[in-house]
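Visitor: Hey, can you walk me through this one? I'm new to reading structures.
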Amino acid sequence: MITREEREELWERFQLSRDRIREIKNEDALSTAIPAEIREPLKNYVNETADYLDFCFFVIDKLGDGTFLNEKTNIADWDDISLNEWKEINSGLYRPLAGDEYENSFLDPEKAQELGTFGPVLSFIYAEIMSMPGYIFDGKLFNIVTLLELYLEVYGSLCMDEAPLIGELESIVRYFVRDYADILVREHIEESFVPSDNTALQILENEDFRNEDYLYKYGEYISETEIKLAGFMKGLGAEELSSMAAIFTKGFRRGFETMRVPFEGKNAVEIRYHIGQEPMVREVIGQFREMGLEPIVSRCAGSRVNRRGIIKRGYETTPPSRQFEYDHRMDEALFLDNGFIERKLAALRAALEAVSEALPGYAGPAVIETFGEQTFLPKAKDAALHLDEEQRELSTRLASRAGQQQEEYLPGENYSFSIIAWPLPDIGEDFEAIFRDTISINTLSNEEYLPLQQKLIDAMDPADHILVEGKDGNRTRMKVKMRKLEHPEKETQFENCVADVNIPLGEVFTSPVLEGTEGTLHVSRVYLKGCLFLDLEIHFRDGVVTGYSCANYEDEEEGRRYIEENILYHHPTLPIGEFAIGTNVPAYRMARKYDILGRLPILIVEKTGPHFAVGDTCYSHAEDTAVYNPDGKEIISRENSFSLLRDTDPGKAYFNCHTDITIPYEEIGRIAAVYPDGSETDLLRDGRFVLAGTDELNKGEEI
């Protein structure tokens with residue numbers, strides 16, 4: 001927490017930076033030694049960025065200096081801003097990204113090529129500047145000032161008498177990142193694990209959701225999606241909102257019982273949601289408070305120092321440009337080296353130590369996902385920054401060591417989670433009908449599904465391996481090796497998963513034996529963590545990835561790189577962490593009814609067919625904690641030959657990723673349990689459950 005005197009000093013630095021930036025729009029001070037062919041583009045870059053920052057100064061003036069000088073931002077101070085003014089502010093803050101503007105902006109790495117060798121650095125700095133709206137609306141004066149001073153330092157280098165060297169600009173960026181990494185990391189950790197009365201929480205607690213203007217007080221991009229979603233949500237009755245919230249909060253609480261995690265002493269829950277869902281989230285907060293849990297709501301990290309790829313953690317909104325996020329997903333290539341890793345890890349440990357007294361009270365994340373956005377196939381750009389081979393290794397090392405550090409302070413076995421998904425209006429004219437059907441999907445009966453799923457488990461527990469085969473063009477043929485149960489009367493290999501932490505219900509899953517697991521996994525079309533994959537094919541031997549391809553790009557190598565970045569996360573290979581059979585046929589029927597299978601989230605899709613996850617197991621970092629099914633049997637398949645190294649070589653035990661890849665029922669020819677004597681029992685055939693006693697899973701319309 002900074003003092004009033006420190007804030008006033010920062011305010012003076014802000015005013016000096018603001019005044020200087022306003023001056024540079026009208027001067028011609030770039031070094032005369034800069035080559036003529038890039039001199040004019042550089043002038044255009046300076047004018048474009050200075051104009052954008054000048055608009056940010058206009059917004060700061062509108063919000064008032066109290067937003068930045070007071071210890072806490074008070075959004076009630078903004079009540080005299082009209083809806084039209086809010087829309088003007090939001091439009092101006094995201095103008096460089098919205099619509100076709102991005103391709104004409106120096107934010108686009110291809111456009112930035114006009115700046116010659118300076119392009120990557122200057123485009124990176126502009127991308128960091130696009131974090132400014134969040135800093136402004138959260139009153140983060142330090143972040144604003146340091147970003148402005150970085151900009152001015154780089155501009156000053158471009159105005160030196162001698163021609164600036166690209167190495168000089170890169171050095172400025174590296175020193176900036178290292179100088180402020182400790183503050184940025186600590187800020188991020190505090191916001192993620194410690195409750196605070198920030199801008200978002202004030203909106204959730206105090207705003208009148210009947211008025212659209214509350215949406216703009218986040219400072220995030222507000223599109224028609226958020227406006228329509230908020231309009232739909234405010235039309236729901238109090239009883240319905242309470243019921244929807246209860247599905248989620250009760251599942252979260254039930255997770256502690258299912259996973260046998262002590263709930264005593266828990267006092268905080270992290271809530272992630274989509275802007276526009278506030279009426280429901282307010283109910284969620286109220287129900288959690290009845291359990292003794294205070295809400296943690298935080299903005300997704302802005303600086304690349306705290307980001308990994310396109311992954312986000314916090315409340316979200318529709319991105320003004322998903323291509324922008326994809327293009328800048330590896331901007332750390334400018335500063336990722338051994339020095340940065342050690343600096344960030346030291347900062348992370350210090351940050352975790354600073355909040356160590358609060359961490360035992362952290363109950364876990366409660367995640368409200370959304371689905372229905374238009375599928376996105378990013379354009380691969382050579383001009384974008386990319387990690388080289390050494391940096392890819394450094395990136396995976398950083399993720400691994402950061403995961404180990406967090407596990408020291410916040411062991412995975414000490415908290416739980418819950419996750420649920422609701423549609424966005426983007427899904428089309430059937431949005432309201434799909435929303436109602438999703439309510440039905442999310443409230444299916446645990447008691448009805450438990451015995452049906454148990455029959456599948458009983459058939460698979462004695463198997464030597466499970467065979468999964470595709471049909472009608474699906475090239476899947478996987479042999480999934482099972483363990484031998486030494487005490488089948490009290491042990492099982494599969495978790496009987498109904499609706500608690502993972503909503504909706506509908507799967508049985510295990511961590512397979514890697515040695516002996518082999519074959520080909522193929523899916524014609526799948527949407528994974530924001531990325532569309534076409535004709536995805538992955539090959540396995542002894543349970544690890546040996547090859548992969550997709551049809552997203554004409555250039556096969558580009559397709560491989562796409563998979564490496566967005567499924568393997570730069571690891572040279574990954575093991576199969578999970579094999580599961582989804583049993584939620586109603587969810588599948590809903591997807592087919594509205595033709596939205598490709599737009600459902602993994603959370604639901606994984607329940608609509610068999611799926612394989614590459615990466616860590618579902619029991620990552622909690623392998624030593626006994627887990628039991630409702631029938632009392634202990635689930636013994638909690639680890640594999642990688643996680644077994646957690647005590648002797650922890651750097652090789654975990655991969656800090658887990659990506660589910662589902663084969664839809666319609667592409668499944670057969671799933672069979674194959675026993676040690678060679679006999680077989682079919683579980684599914686031609687996409688239908690055929691095991692005796694499981695026909696109820698096919699109930700209703702034909703698959």
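Guide: Sure, one term to begin with: helices (H or I, at least four residues) and strands (E, at least two) are DSSP runs, numbered from the N terminus. This is a predicted model, where local features need pLDDT of at least 70, side-chain atom pairs count only at pLDDT 80 or more, and totals for chains, interfaces and linings use all residues. Residues are numbered from 1 along each chain as its sequence is written, and side-chain values use heavy atoms, with hydrogens and water left out.

Visitor: Okay, which helix does Glu6 lie in?
Guide: Glu6 belongs to helix α1, residues 4–24.

Visitor: And why does Glu6 count as partly exposed?
Guide: Because its relative accessibility is 39%. Buried means under 20% relative accessible area, exposed over 50%, and partly exposed in between (1.4 Å probe, protein chains only).

Visitor: New topic: is strand β13 mostly covered or mostly open?
Guide: Mostly covered: in β13, residues 576–582, seven of seven residues are buried.

Visitor: Which strand pairs with β13 over four bridges?
Guide: That's β9, residues 507–510, in the antiparallel sense. Two strands pair if DSSP finds at least two bridges between them. Thr510 has Phe579 of β13 as its bridge partner.

Visitor: How many bridges join β13 to β14?
Guide: Five, and β13 and β14 (residues 610–615) run antiparallel. Glu578 stands opposite Ala613 in β14.

Visitor: Last one: where is Ala354?
Guide: Ala354 sits in helix α14, residues 338–354. It is partly exposed, at a relative accessible area of 40%. The C-alpha atoms of Ala354 and Glu190 are separated by 8.6 Å, though these residues are 164 residues apart along the chain.
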